[in-house]
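Please look over the model below before reading on. The paragraphs after it go through a few places in one chain.

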Amino acid sequence: MIQYFSLLLTAIGIYGLLSQKNLVKLIVSLNIAEIGVNLFIVSIGYIEKGVVPILSSENNSSTLLFVDPLPQALVLTSIVIGVGITALALAIIVTISHSKGTIDIDELTERGGAEE
Amino acid sequence: MNPVWLIAVPLALAFISTFANKISNWLLILSAIFNAVAGIFLSFSSGTVSYSIGGWRPPFGIDLIVTDATRILLPVANILFFFAVIIHFSKKRASEKFSVVYTISLASLNGILLTNDLFNLFVFLEIAGVAAYLLAMTGKKGESKVAAFKYLLLGSVGSLLYLLGVAVLYAAAGTLNISAIATKVSDGLLNGDVMLVSSLLMIAGLGVESKLVPFNGWVPGVFTKSSNMATLVLASVYPVAMISTFSRVILAVGDRRALDLVIVLGVATVLIGEVIAFKQRNLRSTLAYSSIAQSGLAIFLVGIGTVEALTASVMLIINNALAKFVLFSVDSYTTEELGADDLESLYGLGRMAPVVGLIFTVSALSISGMPLFFGFRAKLLAISSSFESLLVVPIVILLAAVIEITYYFRWIFALYRPYQGEERARLSLPLELMAIGVVLAAILVFLGSSSYETLMTFSKAGNAMVDAIITLGKNLIGGV
């Protein structure tokens, strides 16, 4: 069930990317889409009534129902990458606003920025 | 030699140069030399070899794979990068600010070419992407920042879709190793609809960097607005890694129905790229749209999927990389010397600087597929193998080739047309640009006119593109 919600979140993010005019809001939409994908990946590894995939004195049998740890590791990596991309994008927005004086796509396009 | 050094050495040197900014230029040169030598060294042996990382055996851990295709593409990419670095540093005002970015892009491009793991590929794609966004920002004017932002948005959405595709495939196959998944696909263990969804997501994701048609809106802005050196790297070295990886992944884990879509998108990319390139008034944007068309040409062959088609694809990738390197460096030379690169200001350049005229002509003829040049053999093979598909495909490709020849001849004629304006001084060509241009042009002529045996390397590469990954996968499953 959570998978449908995470895909819905991705769709909301992509709608934001298509409809917003402000560069910062575009980055926010990108982050929402990213969170949706990350939730989707975590939900792949989820198993009903699964236990933590670590052998300990309580969980000491290999026949126990372990959740898949790999998607969680993937999501950690992808969250870190997402943070890096967001930081870079915000830095680019700062330089754009310094050199162009606006961060609105329509105004940037009118000044011959984004298009030929 | 373990190919992991090709990734580890540039990464380590980039890490050092963030702390030692003064020597970062030298570290960039050092890593470029190391990778060029190591790439050549790697190409001496043959066959498919898999190297596991960190002692975890392939279906469970990450592995790097060296196939006959990698043995050609890796040296080409690394040597062209080295040439770009030479041209960059021969200029006095080389800035140290971006050396780290170039070193990181070198590491990530090698990683993209070598890795055999879908998620590892995602990480390297993101690193290469971040480096490319920063390189796209290096232009002097504010426009390059806007172009870089556009590239960042498209690139991030693309890799997001790719990640979603990987997740869907992982949920079905239970592994991220490309060879292991390819084996499961060929044994029919995966649901066709699941595979279709994941291949569509991956085509969209990888299509952004490989300049496929609906996803390539960033290309003209980035290629025309960013700095000369950045354009050189983004237009000649990046496509080698990106397009070959697109074909590697889609061939191994793609659904048959998705491959038909690849043919359609590739042919559309060729046609649209050539038509828009025909309309351009200055050289750099012509070359940018021609790059789009050339990647479309290399990608639609992936959809056909025969050994012959993949051989042609590898040849086209290499032809494009060598020729575009020369053409873009001639373009940046003219914008620096003459201040412009539109048709009229190029008049008479071939007489003022004969070597520039020569290397430009050879590269332009090779890229437009004239006989005696490498591009002719590549395009001939591409068209003959495209008869495997519908008849309309070779017709459209031939039509696009006619358009391409027309506009490249217009530029070549412009170079030799008499110049009418005020007197211009005889231009001097920088030695390193002359040497590199002549070497690359000589390679294009040599590969175009040499005997058939020389081309066996390429058909081995085409064979490896089709077979190597899945053969390795069968051995893996047997060996565990």
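What follows covers a strand pair, a helix and a single serine, in a model that is predicted.

Start with the strands of chain B. Strand β1 (residues 49-52) and strand β2 (residues 63-66) run antiparallel and are joined by four bridges. One of the paired positions is B:Ser52, whose bridge partner in β2(B) is B:Asp63. B:Asp63 is also buried, and it shares one side of β2(B) with B:Ile65, while B:Leu64 and B:Val66 lie on the other. These four residues are all buried, so both faces of the strand are covered, buried being under 20% relative accessible area.

Next comes helix α18 (residues 431-449) of chain B. At 1.5 Å a residue its 19 residues should span 27 Å, and the end C-alpha atoms are indeed 27 Å apart. Its buried residues include B:Leu433, B:Ile436, B:Leu440, B:Leu444 and B:Leu447, along with B:Gly437, B:Ala441 and B:Gly448. Because the arc they cover around the axis is only 130 degrees, they sit on the same side of α18(B). In general, an α-helix has 3.6 residues a turn, so residues three or four places apart point the same way.

The last stop is B:Ser290, in helix α12 (residues 283-304) of chain B. Is this serine, B:Ser290, buried or exposed? B:Ser290 counts as buried because its relative accessibility is 0%. Leaving out residues up to four places away in sequence, B:Ser290 touches B:Ala277, B:Lys324, B:Glu404, B:Tyr407 and B:Tyr408. B:Asn320 is 30 residues from B:Ser290 in sequence, and their C-alpha atoms are 9.6 Å apart in space.

Key: Residues are numbered from 1 along each chain as its sequence is written. Chains are lettered from A and ligands numbered from 1 in the order in which they are written. This is a predicted model: local features need pLDDT of at least 70, side-chain atom pairs count only at pLDDT 80 or more; totals for chains, interfaces and linings use all residues. Side-chain values use heavy atoms; hydrogens and water are left out. Helices (H or I, at least four residues) and strands (E, at least two) are DSSP runs, numbered from the N terminus. Buried means under 20% relative accessible area, exposed over 50%, partly exposed in between (1.4 Å probe, protein chains only). Contact means heavy atoms within 4.5 Å. The expected span of a helix is 1.5 Å times one less than its number of residues. The arc is that of the directions from the helix axis to the C-beta atoms. Two strands pair if DSSP finds at least two bridges between them.
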